[in-house]
Amino acid sequence: AVCFTSPMCQVESDTIAVSKPPGMRTRAARAEDYKRIVALYRQTNADRSASTLRPGDWQPRHRKRGRPAGWRMPRMGPDIERRPGRAFVVENARKQIVAYAAYDAQDGHCYVIEVGSADRMAYPAIAHKARQIARQVGAERIRFAGPVDDPFGEYLGRFGCGWSINFPQNS
């Protein structure tokens, strides 16, 4: 069996001192956004090393009995409920979706498991929204999962992002 690494960057919520760029707006993702989110995912990850692309028919939803659909999330902590993740999108001035992020936030934890963007100008909007979400749940840190060669991870470096790389157990 192959064991892929699980890189993660942690940033103190209060160090993310950015505002949304003019003309960019964030909002909760809706079902009709999934096609664009999938296209952004494929565009963002197509040439990345050590990444496995999801199948072409993949849809960003996971159902757990009686719960709303969402991203399949890793466990955030030993006593934290595992639930489907949510997503937000970033729109430009022409109301085109140029980026998205999938996350869960609860009980003092904020975990962004995926970021996809066609425009690096959307990075401040993503970071700003993640900080807002973290503050809403009392999270002092935001964990961002992503490949170590991710340009968004590089962007987070300006906020003191500390990377750790884990090797999860094969199952």
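**Salt bridges in the predicted model**

D14 sits out in the open, counting as exposed with a relative accessible area of 61%. This residue of the predicted model pairs up with R135, their side chains meeting in a salt bridge at 3.5 Å from N to O. D14 belongs to the loop between strand 1 and strand 2 (25-28), while R135 is part of helix 2 (residues 123-136), so the contact ties together parts of the chain that are 121 residues apart in sequence.

That pair is one of 7 salt bridges turned up by a search of the whole structure. Another one joins R141 to E12, with 3.7 Å between the closest N and O atoms. Here, too, distant parts of the chain get linked: E12 comes from strand 1 (residues 6-12) and R141 from strand 6 (residues 141-145), 129 residues apart. Neither end is fully out in the open or tucked away: R141 is partly exposed at a relative accessible area of 40%, and E12 is likewise partly exposed at 40%.

Then there is the bridge between R30 and E32, whose closest N and O atoms are 3.0 Å apart. On the glutamate side, E32 is exposed, with a relative accessible area of 58%. Its partner R30 counts as partly exposed, at 40% relative accessibility.

Not everything comes as a simple pair. R25, R27, D33 and E91 are linked to one another in a network of salt bridges. As for the chemistry behind such contacts, side chains of opposite charge can pair when their charged atoms come close.

Conventions
Residues numbered from 1 in each chain as written. Predicted model: local features only at pLDDT ≥ 70, side-chain atom pairs only at ≥ 80, totals over all residues. Heavy atoms only, no water. Salt bridge = Lys/Arg side-chain N within 4 Å of Asp/Glu carboxyl O. Helix = DSSP H or I, 4+ residues; strand = E, 2+ residues; numbered from the N terminus. Buried < 20%, exposed > 50% of the residue type's maximum accessible area, 1.4 Å probe, protein only.
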